[in-house]
Amino acid sequence: MKFETQAIHAGQDPDSATGAVMTPIYQTSTFAQQGVGRHRGYEYARTGNPTRTALEACLAALEGGAHGLAFASGMAATDTVLRLLAPGDHVVAGRDVYGGTYRLFERVLKGYGLEFSYVDTTQLSDVESALRPNTRLVWLETPSNPLLRISDLRAVADLVHRARPSAWLAVDNTFATPYLQRPLELGADLVIHSTTKYLGGHSDVVGGAVVVRSSELHERLAFLQNAVGAVPGPLDCFLVLRGLKTLAVRMDRHALNAAAVAEYLAAQSQVERVIYPFHASHPEQDLARRQMRSGGGMVSVTLRGGAAAAVRAVERTRVFTLAESLGGVESLIEIPAAMTHASTAGSPIEVEPGLIRLSVGLENVEDLIADLQQALQAE
Ligand code: P1T
């Protein structure tokens with residue numbers, strides 16, 4: 001079945017007990033057993049819950065994987081993946097990743113004996129020269145947060161698997177979503193999501209996910225998911241499932257609006273640089289067009305007036321809300337260096353202070369452009 005059909009139906013057959021068409025929110029912590037160790041597939045809700053099972057099956061189908069695992073947040077998903085490694089193992093990570101990912105790697109996991117190198121994953125030779133004999137994981141985002149750089153997934157997967165057969169390629173697919181890009185089909189071993197973003201789609205839930213093809217990886221991750229316990233509750237699973245049903249139509253409109261906003265911004269005298277994966281000025285535009293169905297809903301921009309002008313502009317918008325996060329139906333605007341990526345300040349992967357990031361929502365695009373126009377006018 002095709003993507004839109006799977007989004008609405010995969011893992012979501014009518015409830016076997018009642019016929020409920022929408023997956024019930026199984027708000028229970030435990031499940032009655034018919035005899036000791038005899039049960040209907042569920043024992044305790046950290047280990048498994050039917051609402052979560054439905055979400056995990058749907059995520060696996062949409063990513064073209066065999067197994068999905070849902071987590072309490074994107075960071076919980078990331079942390080659980082990193083627990084596949086052991087002290088002394090080395091990770092090559094993109095130098096343009098979510099600030100919280102960098103913080104987890106540098107300020108938490110390094111203390112447990114993992115080693116991290118940060119490289120420009122758009123450059124294959126940089127990835128290659130960063131590999132060490134103990135490299136077990138390559139971790140990247142494409143499009144990256146917040147610079148929207150595009151890495152060649154098939155080329156990186158081939159390189160990693162050829163050079164380090166025991167290493168995995170993990171791709172954080174939060175910005176693209178499986179509707180735009182399917183990393184597992186291009187050779188990645190693990191796909192990670194913050195479902196807080198486009199998958200949930202309505203800024204009303206925090207969640208995370210991992211999808212894999214390999215049953216062995218799934219077994220190890222499911223063990224960790226239960227042993228560590230960073231699982232989402234059933235209501236949160238329900239909200240993400242509901243979001244998934246409209247993912248395709250939302251992403252199409254996000255992309256239309258974002259492309260129009262990028263075109264508008266590129267034509268303004270106050271604007272120094274617009275970053276949008278399908279924009280003619282993007283350095284990896286050709287690759288983006290091969291690898292992604294559309295340019296997505298995120299746009300980044302710098303102004304000629306620098307950081308001060310950027311702060312003034314984001315404080316003047318009225319339709320775009322000044323807030324962290326992205327991927328909801330409403331448009332958001334922020335300064336990564338001071339907000340979502342503040343934890344990279346002073347580090348080699350610091351974000352420039354004047355960069356503005358827009359999550360272009362589903363409002364009427366003329367209203368969005370008029371809002372940006374009035375916010376830029378005084379510059
Ligand atoms: O916030 P959480 O659900 O824990 O997900 C973390 C995360 C992981 N990966 C990417 C690419 C992300 O963008 C995020 C969260 N990002 C933001 C909150 C943000 O505004 O960029």
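This briefing covers the domains, the sheet and the helix packing of one protein chain.

The model is predicted. The domain assignment splits the chain into domain 1 (3-244) and domain 2 (248-376). An open sheet of seven strands is described below, followed by the helices that pack on it and by one pair of helices that cross.

**Domains**

- The centres of domain 1 and domain 2, taken over C-alpha atoms, are 26 Å apart.
- The two domains touch: 40 residues of domain 1 are in contact with 42 residues of domain 2.

**The sheet**

- Seven strands line up in the order E1-E7-E6-E5-E4-E2-E3. The sheet is open, and its pairing is mixed.
- Strand E1 (67-71) and strand E3 (115-119) are the edge strands. Each of them pairs on one side only.
- On average, neighbouring strands of this sheet are turned by 20° against each other, direction ignored.
- Strand E2 (residues 90-94) and strand E4 (residues 135-141) run parallel. Four bridges join E2 to E4.
- Look for His90 in the structure: its bridge partner in E4 is Thr135.

**Helices on the sheet**

- Helix H4 (residues 99-108) packs on the sheet and touches E2, E3 and E4. The direction of H4 makes about 145° with that of E3.
- Which residues of H4 are buried? They are Gly99, Gly100, Thr101, Tyr102, Leu104 and Phe105.
- What covers these buried residues of H4? The cover includes helix H3 (74-82), along with E2, E3 and E4.
- Helix H8 (residues 215-228) lies across four strands: E1, strand E5 (168-172), strand E6 (190-194) and strand E7 (208-212). H8 runs at about 20° to E1.

**A pair of crossing helices**

- Helix H2 (residues 50-62) and helix H9 (residues 234-245) have axes that come within 8 Å. These axes cross at roughly 35°.
- Is the crossing of H2 and H9 left-handed or right-handed? The crossing is left-handed.
- From H2, the residues in this contact are Thr51, Arg52, Ala54, Leu55, Cys58, Leu59 and Leu62.
- From H9, they are Pro234, Cys237, Phe238, Val240, Leu241 and Leu244.
- Sorted by class, the contact of H2 with H9 has 11 nonpolar residues, one polar and one charged.

How values were computed. Residues are numbered from 1 along each chain as its sequence is written. This is a predicted model: local features need pLDDT of at least 70, side-chain atom pairs count only at pLDDT 80 or more; totals for chains, interfaces and linings use all residues. Side-chain values use heavy atoms; hydrogens and water are left out. Two strands pair if DSSP finds at least two bridges between them. Helices (H or I, at least four residues) and strands (E, at least two) are DSSP runs, numbered from the N terminus. Axes are lines fitted to C-alpha atoms, for helices over the stretch in contact, and angles run from 0 to 180 degrees between N-to-C directions. Contact means heavy atoms within 4.5 Å. A crossing is left-handed if the near helix is turned anticlockwise from the far one by less than a right angle, and right-handed if clockwise. Ala, Val, Leu, Ile, Met, Phe, Trp, Tyr, Cys and Pro count as nonpolar, Asp, Glu, Lys and Arg as charged, and the others, Gly among them, as polar. Buried means under 20% relative accessible area, exposed over 50%, partly exposed in between (1.4 Å probe, protein chains only). Domain bounds come from an automatic or database domain assignment.
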